[in-house]
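Subject: A structure for you to explore

Hello,

Here is the structure I promised to pass on to you. Please open it beside this email and turn it around as you read.

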Amino acid sequence: MMTEQNLFKTGAKIIERFEKHNYEGFFVGGAVRDYTLGRSVSDVDITTNALPDEIENLFEKTIDVGKEHGTIIVLMDDIPFEVTTYRVEGEYTDHRRPDNVYFTQHLTEDLSRRDFTINAMAMTQAMELHDPHNGIKDLNNRLINTVGLAKERFYEDALRMVRAVRFMSQLDFKLADEAREAIKEHAAALDYVAVERITAELEKLYRGINVESAKEMIAHTGLLKYMPFFRHIEAGEYVSTKAESLVQEIAVHIYKDSSLSQHLSALKLSNKQKTAIRESLKVIEALEDGIDEKLIAYRFETGILTGTDAIIRLNALLGAQHAKLLEQSIAAKPDLVIKNRSELRINGNSLMSALNARGGPWLRDCLDSAEEAVLLGTVNNNESEIINWVKSHVKNEDGNIVFTDGR
Ligand SMILES: Nc1ccn([C@@H]2O[C@H](COP(=O)(O)OP(=O)(O)OP(=O)(O)O)[C@@H](O)[C@H]2O)c(=O)n1
């Protein structure tokens, strides 16, 4: 595994190469913040005065991920580093390069257009800090403070208002008063931000260590009214729930008010996330219906079961017997007789030939019943025993199967 020290050491090779060719380069952004805080670092970003084409020429392995925004991935010892040419937002600039991106010659200018002081520190390859906006002071005070005027930083990119609350949750920091007031005033600007960017920040927010404080700030500043999906939830209701992931948060609210599901598409979630929400709600339904623990264990993945368990416990949903059933379902998972349909010792063809019957809707019902019987231990997972079991529960009338006894 790549240690952090190695990550910075490898990144330093990129900076050394820049310096050898009379450019400069610095570590920047979240990596410097997290390193200084003693948090684990998984990505190291570098900023430079070299232009994208020059970066491409200097390194053997590069990937153009957004040259028009000044960003190139440089692979050093097979580790990817995001290398970005110093840039500034807006019209104030020295150099205007492709499209609407403005590049500057100066590190300080680049840093002064970053969102928060704690994200606006740079570090040399020798790990010396360059901190023109006193990010260290705010790190020590555990404060999220914008670089310069909050309203200007939020005007440049309204997503930063969501990033502010994301960092509150992720780092367990307080939000500076000025930033809070600016969010109250400019929350509506969130309407112009791409939903995917908001969702990505919310995901990080819900994985943080102080989700509660971030949610309170979202409700307090009125950001809630401009958030996809969540804008349909009343502030008091929004802060009353607890969740350890975005998916859990959404599932709780839909459980409490099913009409909210019509707004789900507004969040542009991945299919995986949408499935997880649907499945969690199905688990709750199965618990309410008192379905057998083995069947619940079989039908849902462990991650869905444990996620639902968290939702139920954190929000005191359902009764004690339901929580117990879920606990038993999770415990039952490793000992199930079969893990999926393919482990069942019969299939459609073997059933048709054993019963001398044509295919039809009965077949699926028959397989479902047999699968359940095997799972519940009513019948062993053995071809002839299953066939005998099926035969004893159906009548074959000229190739038309009739169930005499369902599940
Ligand atoms: N709207 C934004 C997004 C990013 N940044 C700057 O770009 C850096 C990298 O952004 P990103 O990778 O999105 O977040 P990180 O701060 O690196 O946080 P994390 O790695 O925890 O996601 C930030 O630190 C900040 O300096 C910014 O000024 N404004």
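Below is what I found in it, starting with the sheet and then moving on to the helices. Please keep in mind that this is a predicted model.

**The sheet**

A good place to begin is the open sheet of seven strands, whose order is S3-S4-S5-S2-S1-S9-S10, with mixed pairing. As a reminder, strands of a sheet pair through backbone hydrogen bonds, and the pairing can be parallel or antiparallel. Which strands stand at the edges? They are S3 and strand S10 (129-130). Each has a single partner strand, so one side of each is left without a neighbour in the sheet.

Helix H2, made of residues 30-37, packs on this sheet. Strand S1 (25-28), strand S2 (45-48) and strand S9 (122-123) are the strands that H2 touches, and the direction of H2 makes about 60° with that of S1.

Now follow the S3 end of the sheet. Strand S3 covers residues 62-66 and strand S4 covers residues 71-76; the two are antiparallel and share four bridges. Try finding Thr-62, whose bridge partner in S4 is Val-74. The hairpin of S3 and S4 has four residues between the strands, and Gly-70 takes a positive phi near 90° there.

S4 also pairs with strand S5 (residues 79-85), again in the antiparallel sense, this time over six bridges. Here Val-74 turns up once more: opposite this residue in S5 stands Phe-81. So you can trace a path from Thr-62 to Val-74 and on to Phe-81. Leu-75, in turn, stands opposite Pro-80 in S5. Between S4 and S5 the hairpin has two residues, and Asp-77 takes a positive phi near 50°.

**Another hairpin**

Further along the chain you will find strand S13 (residues 394-397) and strand S14 (residues 400-403), which run antiparallel and are joined by four bridges. Val-394 has Phe-403 in S14 as its bridge partner. Two residues lie between the strands of this hairpin, where Asp-398 takes a positive phi near 50°.

**Pairs of helices**

Next come the helices. Two packed helices are described by the angle between their axes and by the distance between those axes.

How do helix H7 (residues 159-171) and helix H10 (residues 211-221) cross? Their axes come within 7 Å and cross at roughly 155°. An angle over 145 degrees counts as roughly antiparallel, and therefore H7 and H10 are roughly antiparallel to each other. The crossing of H7 past H10 is right-handed. On the H7 side, the contact is made by Val-165, Arg-166, Met-168 and Ser-169, and on the H10 side by Val-211, Ser-213, Ala-214, Met-217 and Ile-218. Sorted by class, this contact of H7 with H10 has six nonpolar, two polar and one charged residues.

Helix H13 (residues 271-288) and helix H15 (residues 302-314) pack at an angle of about 70°, and their axes are 9 Å apart. That makes H13 roughly perpendicular to H15. H13 passes H15 in a right-handed crossing. The contact involves Ala-276, Glu-279, Ser-280, Val-283 and Ile-284 of H13, together with Ile-304, Leu-305, Gly-307, Thr-308 and Ile-311 of H15. Six nonpolar, three polar and one charged residues make up the contact of H13 with H15.

For helix H18 (residues 361-376) and helix H19 (residues 383-391), the axes come within 10 Å and cross at roughly 120°. That makes H18 oblique to H19. H18 passes H19 in a right-handed crossing. Look for Cys-366, Ala-370, Ala-373 and Val-374 in H18, which meet Ile-386, Trp-389 and Val-390 in H19. Which classes of residue make the contact of H18 with H19? There are seven nonpolar, no polar and no charged residues.

**A feature from the record**

Finally, an unreviewed UniProt entry places the feature "domain: CCA-adding enzyme C-terminal" at residues 256-390. In the model, that span is 62% helix and 0% strand, and the C-alpha atoms at the ends of residues 256-390 lie 41 Å apart.

Enjoy exploring, and do write back if you get stuck.

Best wishes

Notes
Residues are numbered from 1 along each chain as its sequence is written. This is a predicted model: local features need pLDDT of at least 70, side-chain atom pairs count only at pLDDT 80 or more; totals for chains, interfaces and linings use all residues. Two strands pair if DSSP finds at least two bridges between them. Axes are lines fitted to C-alpha atoms, for helices over the stretch in contact, and angles run from 0 to 180 degrees between N-to-C directions. Angles under 35 degrees count as roughly parallel, over 145 as roughly antiparallel, 65 to 115 as roughly perpendicular and the rest as oblique. A crossing is left-handed if the near helix is turned anticlockwise from the far one by less than a right angle, and right-handed if clockwise. Two residues are in contact if their C-beta atoms, placed from the backbone, lie within 7 Å. Ala, Val, Leu, Ile, Met, Phe, Trp, Tyr, Cys and Pro count as nonpolar, Asp, Glu, Lys and Arg as charged, and the others, Gly among them, as polar. UniProt positions are given in the numbering used here, feature names are shortened, and annotations may be inferred rather than shown by experiment.
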